[in-house]
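Subject: Structure for you to look at, with notes

Dear colleague,

I am passing on the structure we spoke about, and below it you will find my notes on a handful of positions. Please read them with the structure open beside you.

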Amino acid sequence: MAGARPKAAYTADMRCAFPVRARGPRGGAGFRYGPRMDSELDGDVVVVGAGVTGLTTAVVLAERGARVRVWTREPVERTTSAVAGALWWPYRIAPAAAARAWALRSLDVYEGLAARGEPAGVRMAEGVLGETGRDEVDGWAAERLPGLRAATAREHPRPGLWVRLPLIDMSVHLPYLCARLRAAGGTVETRAVTRLAEVRAPVVVNCAGLGARTLVPDASVRPVRGQLVVVANPGVRTWTVSTDPDSGELAYVFPHAGRLVLGGTAEEDAWSVEPDPAVAAAIVRRCAALRPEIAGARVLEHRVGLRPARDTVRLEREVLPDGRLLVHNYGHGGAGVTVAWGCARDAARLAGG
């Protein structure tokens with residue numbers, strides 16, 4: 001990957017610190033700044049939002065030579081991205097053609113991270129995309145997915161695809177992105193923003209996710225609530241994503257080290273981040289119907305995240321009245337991890353790199 005630092009630069013002890021203000025030495029190679037620097041401005045680029053979209057965008061910009069500061073209202077570990085499962089697949093995102101292109105560019109990155117064994121929390125894992133036909137991957141992804149085949153009746157009770165995809169442990173991946181950003185001289189700071197216009201930087205990149213609803217403001221951004229149950233792993237090694245044909249409810253099982261992430265729900269325009277015990281019990285029942293060994297698994301944690309949905313992803317730039325540049329990169333729905341690197345590279349191009 002262009003601009004990547006050596007593996008040793010991203011060790012597990014390099015966590016996100018708040019606030020972090022020191023900057024490393026910067027070079028300008030590979031990045032052409034837009035508006036001229038001003039002594040009253042906060043740096044060359046400020047990225048608003050520290051979920052996977054914001055951090056990945058910041059990494060791409062920093063590794064291309066920009067001086068980058070990430071401003072986040074919540075600590076990284078409390079962002080919506082920290083709740084994600086997270087399997088590579090373009091889920092609840094539009095437009096489809098652009099999302100698929102971004103997803104494939106991100107797939108390149110995740111495959112590389114897994115192959116090199118970087119401490120990024122990414123591994124290639126096999127599993128079943130239930131109720132999914134070959135026609136849903138032909139023409140855009142089938143040739144990129146070695147071993148793709150129809151799932152057997154033993155692997156899944158209904159038609160589906162057996163496939164090998166990136167599975168990302170966000171408790172590892174987000175700190176990895178922070179470490180990689182810091183290695184490139186970038187910083188992460190807890191700093192609330194109420195309006196994008198108050199961010200005094202020559203280039204501002206809006207990766208605020210659901211926060212864009214008030215920051216832009218953009219009323220078309222809305223929450224899609226997802227609840228998860230984390231249980232001790234009774235020995236499940238493959239993942240499953242399935243939709244019940246009668247109820248239409250989603251169920252997924254994602255195995256990580258020592259635990260399973262069970263989901264899921266997709267409640268539109270639901271703002272509560274409090275776990276619902278009845279919903280949690282229903283999630284466990286649906287997942288146990290797919291993998292019976294889950295039924296007695298010990299519950300470790302309940303999680304709720306609000307996916308930042310929009311009719312289409314907003315990835316574009318605008319010139320502010322004072323000549324500064326504002327790049328928008330938000331509205332990724334349930335596919336933020338899936339399209340993170342593809343969108344980040346396009347955002348960096350729009351920012352001038």
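Strands, in what follows, are DSSP runs of E of at least two residues, numbered from the N terminus, and in that sense Tyr252 belongs to strand β10, which covers residues 250-256. Please keep in mind throughout that this is a predicted model.

Two sets of positions come from the UniProt record. Under "binding site", in an unreviewed entry, UniProt lists Tyr252, Arg307 and Gly334. The feature "binding site" (unreviewed entry) is also placed by UniProt at Thr80, Ser81, Val193, Gly333, Gly334, Ala335, Gly336, Val337 and Thr338.

To begin with Tyr252, its relative accessibility is 9%, so that it counts as buried, the cut-off being under 20%. Leaving aside neighbours within four places in sequence, Tyr252 is in contact with Leu228, Thr240, Val241, Val261, Leu262, Gly263, Gly264, Cys287 and Arg307. Gly334, by comparison, lies in the loop between β15 (325-330) and α6, and with a relative accessible area of 27% it is partly exposed. With neighbours up to four places away again set aside, the contacts of Gly334 are Tyr91, Arg92 and Arg307, and Arg307 is thus a residue that appears in the contacts of Tyr252 as well as in those of Gly334.

Thr80 sits in the loop that runs between β2 (68-72) and α2 (96-116), and its relative accessible area of 39% makes it partly exposed. Beyond its neighbours within four places in sequence, Thr80 is in contact with Gly305, Leu306 and Arg307, which brings Arg307 into the picture once more.

Val337 is placed in helix α6 (residues 336-350), and it is buried, with a relative accessible area of 7%. Not counting residues up to four places away in sequence, Val337 touches Val52, Ala84, Ala86, Tyr110, Ile168 and Met170.

Finally, I looked at Ser242, which is located in strand β9 (residues 239-243) and is buried at a relative accessible area of 2%. Which side chains does the side chain of Ser242 meet in polar contacts? One such contact, of 2.9 Å, joins it to the side chain of Glu131, and another, also given as 2.9 Å, is made with the side chain of Arg158. Apart from neighbours within four places in sequence, the residues in contact with Ser242 are Glu131, His156, Arg158, Glu249, Leu250, Ala251 and Leu290. Ser242 and Leu129, although 113 residues apart in sequence, have C-alpha atoms that are 6.5 Å apart in space.

With best wishes

Note on methods:
Residues are numbered from 1 along each chain as its sequence is written. This is a predicted model: local features need pLDDT of at least 70, side-chain atom pairs count only at pLDDT 80 or more; totals for chains, interfaces and linings use all residues. Side-chain values use heavy atoms; hydrogens and water are left out. UniProt positions are given in the numbering used here, feature names are shortened, and annotations may be inferred rather than shown by experiment. Helices (H or I, at least four residues) and strands (E, at least two) are DSSP runs, numbered from the N terminus. Buried means under 20% relative accessible area, exposed over 50%, partly exposed in between (1.4 Å probe, protein chains only). Contact means heavy atoms within 4.5 Å. A polar contact is a pair of N or O atoms within 3.5 Å; within protein, one must be able to donate a hydrogen and the other to accept it, and residues adjacent in sequence count only if both atoms are side-chain atoms.
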